[in-house]
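Open the model in your viewer and keep the selection tool at hand. This tour moves from one stop to the next.

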Amino acid sequence: MKPDLFEAPDYYNLDELLSDEHKLVRQAAREWVKRDVSPIIEEYAQKAEFPEQIIKGLAEIGAFGPYIPEEYGGAGLDQISYGLIMQEIERGDSGVRSTASVQSSLVMYPIYKYGTEEQRKKYLPKLASGEWMGCFGLTEPDHGSNPGGMTTNFKDKGDHYLLNGAKMWISNAPFAQVAVVWAKNEEGRIHGLIVERGMEGFSTPETHNKWSLRASATGELIFDNVKVPKENLLPNKSGLGAPLGCLDSARFGIAWGAIGAAMDCYDTALRYSKERVQFGKPIGQYQLQQKKLAEMITEITKAQLLAWRLGVMRNEGTATSAQISMAKRNNVEMAINIAREARQVLGGMGITGEYSIMRHSMNLESVITYEGTHDVHLLITGLDITGLNAFQ
Ligand SMILES: Cc1cc2nc3c(=O)[nH]c(=O)nc-3n(C[C@H](O)[C@H](O)[C@H](O)COP(=O)(O)OP(=O)(O)OC[C@H]3O[C@@H](n4cnc5c(N)ncnc54)[C@H](O)[C@@H]3O)c2cc1C
């Protein structure tokens, strides 16, 4: 892979909207990605392997629990810092960002928000340091966009719960020590349970043959009469709103992360267009290529503004789930379109692993599907503005 020469675009001087702390946090993440992710990520994506050696670095830049209070091992940062960290990581690779998103928003967040003090103390510091990795089990083979239909269930057996069922498409599953699993009790109400590797009847087979997020490990969670201690139930929130609350946080991170992938594609295409000569001129001098590049920076700038404003509202606690859906949907579509256009600017070179664009493009096919599909987010906006539910 070519050396990482990334220079971040900031066409509207959005840095003026950031605090010194935001810029420092971003700088640390950016330098780490250049040093520890860019040189190795293509090779790991090619061999479809998660680079476990980056876990320590992710923890050091605050990517595990950026907004979890420091007393539990988190970085104690605000939402914009969290977004900037996700942006920088996804600039390197969406799969690496997925690992961090799951750990922070889908494992640490529910334990912090819905867990007991004992659960927070037991799990959060180890998750923040990367000593333990976590995964989040919501999707099932027959219930993806409609998680409320889940059939994974647990029964009260007096001194423990008995968990049965299966989850699929679970990021981090093959190596996670801890799984936050959503299952129905005997009354059909959804609860979160913390399941640990080693519990009898719990297995995590890996999902192979992905053409997308190849540097992120994905797997199933299988529960065959797993005895879960009663103290592993997350007691402070139940119902579908509990996992959806986690998804709000993760989708917010994706809205920022997608900007990183788009920036990397744009920056690569811009540089290439000035270096590559055809018909005696750099291709960047031709109007057709300029149109592509000008539209890319316009869309990136709009997405940056959306993400920044959403970050302000998240900091104030006023952002709605529907507003988060809009940003996730818009920014991922923006990134996938830019990846496709940027690849064309590079001609044949664009399909090789010498450049990051094709990897970003393939990764974004997962990002546009997980955490609520592109269509589902549109329906959420539709419901929000009309008050009419198109899901049923
Ligand atoms: C690489 C990867 C990692 C993932 N990681 C995780 C994870 O860590 N944890 C987890 O729980 N899940 C995870 N997922 C699962 C992901 O969230 C689901 O794939 C997603 O929610 C969509 O579910 P589905 O694949 O079953 O598609 P389906 O729900 O079957 O959807 C198929 C199509 O139908 C459309 N559709 C569905 N309902 C409607 C409707 N009412 N109206 C119109 N169109 C509709 C969808 O938009 C989509 O286009 C991951 C997925 C991938 C690919």
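Select T373 and the ligand together. A polar side-chain atom of T373 lies 2.6 Å from an oxygen atom of the ligand. Keep in mind that this is a predicted model.

Add T139 next. An N or O atom in the side chain of T139 is 2.7 Å from a nitrogen atom of the ligand. Now add W169. Here the backbone takes part: one of the N or O atoms in the backbone of W169 lies 2.7 Å from a nitrogen atom of the ligand.

How much of the ligand does the protein bury? Taken alone, the ligand exposes 980 Å². The protein buries 68% of that.

**The shell around the ligand**

Widen the selection to the residues that surround the ligand. There are 17 of them. F136, T139, S145, W169 and T373 are the closest. Colour the shell by residue type. Eight residues are nonpolar, seven are polar and two are charged.

Which elements give two or more residues to this shell? Select β3 (160-171) and α10 (374-386). β3 gives the most, with three residues.

**The largest pocket**

Hide the ligand and look at the space it takes. That space is the largest pocket. Its volume is about 1200 Å³.

Select the lining of the largest pocket, 43 residues in total. Nearest the centre lie G144, L247, R251, E371 and G372. By type, the lining has 18 nonpolar residues, 18 polar and seven charged.

Now show the elements around the largest pocket. At least two lining residues come from each of α4 (94-114), β3, α6 (241-275), α8 (321-345), α9 (357-367) and α10. Which of them supplies the largest share of the lining? Select α6: the largest share, six residues, comes from this helix.

**The second largest pocket**

Stay on α6 and turn the model to find the next stop. The second largest pocket holds about 300 Å³ of space. Select the 19 residues that line this second pocket. K2, P3, T268, R271 and Y355 are the closest to its centre.

Colour this lining by type too. Nine of the residues are charged, six are nonpolar and four are polar.

Then select α3 (79-92) along with α6. Each supplies at least two residues of the lining of the second largest pocket. α6 again gives the largest share, six residues.

**Last view**

Show α6 with both pockets. α6 supplies the largest share of the lining in the largest pocket and in the second largest pocket. Then bring the ligand back and finish on T373, where a polar side-chain atom lies 2.6 Å from a ligand oxygen atom.

How values were computed:
Residues are numbered from 1 along each chain as its sequence is written. This is a predicted model: local features need pLDDT of at least 70, side-chain atom pairs count only at pLDDT 80 or more; totals for chains, interfaces and linings use all residues. Side-chain values use heavy atoms; hydrogens and water are left out. A residue is near a molecule or strand if one of its heavy atoms lies within 4 Å of it. A polar contact is a pair of N or O atoms within 3.5 Å; within protein, one must be able to donate a hydrogen and the other to accept it, and residues adjacent in sequence count only if both atoms are side-chain atoms. Accessible areas come from the Shrake-Rupley method with a 1.4 Å probe; for residues, only the protein chains shown count as cover. On a 1 Å grid over the protein atoms alone, a cavity is a set of points where a 1.4 Å probe fits but cannot get out, and a pocket is an open set with protein on both sides within 12 Å along at least five of seven lines; lining residues have an atom within 4 Å of a point. A molecule sits in a cavity or pocket if more than half of its atoms lie within 2 Å of its grid points. Helices (H or I, at least four residues) and strands (E, at least two) are DSSP runs, numbered from the N terminus. Ala, Val, Leu, Ile, Met, Phe, Trp, Tyr, Cys and Pro count as nonpolar, Asp, Glu, Lys and Arg as charged, and the others, Gly among them, as polar. Grid points are joined across faces, edges and corners, and a volume is the space filled by probe spheres set on the points.
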